[in-house]
Amino acid sequence: MRILQLTPRIAWPPTDGGRVVMLQVALSLQRLGADVEILSLNPRKQRVDADDLPLPLEAIDIDTSAHVAAFLRSFSLRAPQLVARFYSPRFESSLRRKLRERDFDVVQLESPFLLPYLRAIRESSNARVVLRSLNVEFRIWERLAEHEPGFVKRVALRAIARSLRRYELAQLNACDAIVPITELDANDFRALGCTRPMYVLPGGVDPQPVDRRNESPNAVGFLGSLDYRPNQEAAIWIAEELRPRLRRDAELHIAGSRAPEWLRARLAASGVVFSGEVPDAAAFIGWMRVMIAPIYSGGGMRIKILAAMAAGKPVVSTTIGAEGIDVVNGENIVVADEVEAFTTSIESLLDDEARAHAIGDAAHALVATRYSTDALTQGFLAFCEELTKSGDVRGGR
C-alpha cells in the first residue's frame, strides 16, 4: 500500500495528542509494510523543524492566523474562514506534483481543515481519499459556546459552530471513507447523514513497563496543548476552581506547549505550578501520583488520558474527557464532573497509595490489550486495502 498522509501541522515532536495520533498511525503503517509519505502544513505559530522524523516528509510553511486573504479565500473555497486559513496555493501545488510523480493508493486527510484540497486530489490521482477525523469538529465549538460565560464570545462561538456544521454536513460524503476515532463519533456521522464506508480507529499508544520510582506522593498533573481551546478551558478550571478547593499539600502541575500570555498570567496568579512545554512528557507523567483531565468541551478521544494510563497512572476525568475510551469508573479510571466530586476523588487517591496504584495498573492493562498501536492500525490497513480493491467496505473496529 502506498499512502500519502496530509497533516495540518507537522506531527513532531510528539508533545500533544494530535501529533501523537498522526505520528503513531504513520509509523505503525510503516512497520506493517505500507509505504508512507507525509505532506504537511507547517503553521507559523506552531512551526517546527522535523529533521529527526523517521518518515519521508515535505513541509510547507503557512500562516493560519486570521487575515484578509483567508477571509477572501473563504468565499472562493465555499468554506468557513477557519477552514480557509489552512489553504495554501504552495501546498496544493506540492500535492499535485506528488500525486503526478507517484501512484498512491490512499490519500489520508488528517483533518477536515484539509478538505479544500480534495478537488486537487481528484484531478491529479485515482487514489482513494480517507478522512481521518479526530472529532466531529463543530461539536467542539458547540460545547465551547455552551460553557462560555461571556455573551459576546458565546455569540461568536455559536456563529463559528454553525458555519462549521454547514461545511461538515456538506462534505460528509465527499471522501471515499471516514475514519473516526471513536464509536460515538461514528454514530454521530451516520446520524448526520454519512453513507460512506467507516472504520473506527481509536488513538493508540505503546505502553512500557510501569516505573514509579520517581513518583511524588502529592503531585497532580495536567498535560495538554495549550493553544487548544478545550485545554485552555481545563487549565483555567484547574487554577481557579480546583486549586482553591484542593488541600494545600497537593501540588497541582500544568504543562503544555504554546500557552498564550493571557493564560500564563492567570496561571501564575493561581498557585499552580506551570511548567510550559516540557522536554519529556513521559518524565512529567512519571512524576505525578495522579493525572487529571477536567475536559468539558472537547471531542473525540483524549490521547493524554491514554498516555497517562499507559504509564500506570490513575486518571481523574470528566465524563466528556473519558469519551471514546472503554473505561470502567472506579476500576481503571475515576470519573467526576462537579468540582467537589473531582476534588474528593483526587484527595482519595493521594491518601490511598494502594488504590491509586491498583487503578493505574488496571489502566495500564487496558491500554496494553485494547489500545496497542500496531494491533489497531493493522485493522485500518486491511480496511484501506479492501477500499482500494472494491471501492466499498463494511465499517468496523
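A pocket, as used here, is an open set of grid points with protein on both sides within 12 Å along at least five of seven lines, and its lining residues have an atom within 4 Å of a point. Keep in mind that you're looking at a predicted model.

**Stop 1: the second largest pocket**

Select Ser 76, Leu 77, Leu 115, Pro 116 and Arg 119. Of the 13 residues that line the second largest pocket, these lie nearest its centre. The pocket's volume comes to about 280 Å³.

Now colour by helix. Two or more lining residues come from each of α2 (68-77), α4 (89-101) and α5 (118-124). Which of them gives the most? That's α5, with three residues. If you colour the lining by class instead, you'll get seven nonpolar, four charged and two polar residues.

**Stop 2: a patch on the surface**

Stay with α2 and pick Val 68, which sits in that helix. Is Val 68 buried or exposed? It's exposed, because its relative accessible area is 60%, and the cut-off for that label is over 50%. Add Phe 71, Leu 72 and Phe 75 to the selection: together with Val 68 they make a nonpolar patch on the surface, with about 450 Å² of accessible area between them.

**Stop 3: the cavities**

Time to go inside. Rolling a probe the size of a water molecule over the atoms shows where empty space is left. How many cavities of 30 Å³ or more does a search of the whole structure find? Five.

For the largest cavity, select Pro 112, Leu 115, Leu 131, Ser 133, Glu 168, Gln 171, Leu 172, Ile 178 and Phe 189, which line it. Leu 115 may ring a bell: it was also one of the residues nearest the centre of the second largest pocket. The largest cavity holds about 80 Å³, and its lining is made of six nonpolar, two polar and one charged residues.

Next, the second largest cavity, with about 50 Å³ of space. Select Thr 15, Leu 223, Gly 224, Ser 225, Gly 256, Ser 257, Glu 277, Val 278 and Ala 281 to see its lining. By class, that lining has five polar, three nonpolar and one charged residues.

**Stop 4: out to α14**

Finish at Ala 358, in helix α14 (residues 353-370). Ala 358 counts as partly exposed because its relative accessibility is 44%, which falls between the 20% and 50% cut-offs. Now draw a distance from its C-alpha to that of Pro 197: the two are 40 Å apart in space and 161 residues apart in sequence.

Technical notes:
Residues are numbered from 1 along each chain as its sequence is written. This is a predicted model: local features need pLDDT of at least 70, side-chain atom pairs count only at pLDDT 80 or more; totals for chains, interfaces and linings use all residues. Side-chain values use heavy atoms; hydrogens and water are left out. On a 1 Å grid over the protein atoms alone, a cavity is a set of points where a 1.4 Å probe fits but cannot get out, and a pocket is an open set with protein on both sides within 12 Å along at least five of seven lines; lining residues have an atom within 4 Å of a point. Grid points are joined across faces, edges and corners, and a volume is the space filled by probe spheres set on the points. Helices (H or I, at least four residues) and strands (E, at least two) are DSSP runs, numbered from the N terminus. Ala, Val, Leu, Ile, Met, Phe, Trp, Tyr, Cys and Pro count as nonpolar, Asp, Glu, Lys and Arg as charged, and the others, Gly among them, as polar. Buried means under 20% relative accessible area, exposed over 50%, partly exposed in between (1.4 Å probe, protein chains only). Patches are made of residues with over 30% relative accessible area and no salt bridge: like charges are joined within 9 Å, nonpolar side chains (Val, Leu, Ile, Met, Phe, Trp, Tyr) within 5 Å. Accessible areas come from the Shrake-Rupley method with a 1.4 Å probe; for residues, only the protein chains shown count as cover. A salt bridge is a side-chain nitrogen of Lys or Arg within 4 Å of a carboxyl oxygen of Asp or Glu.
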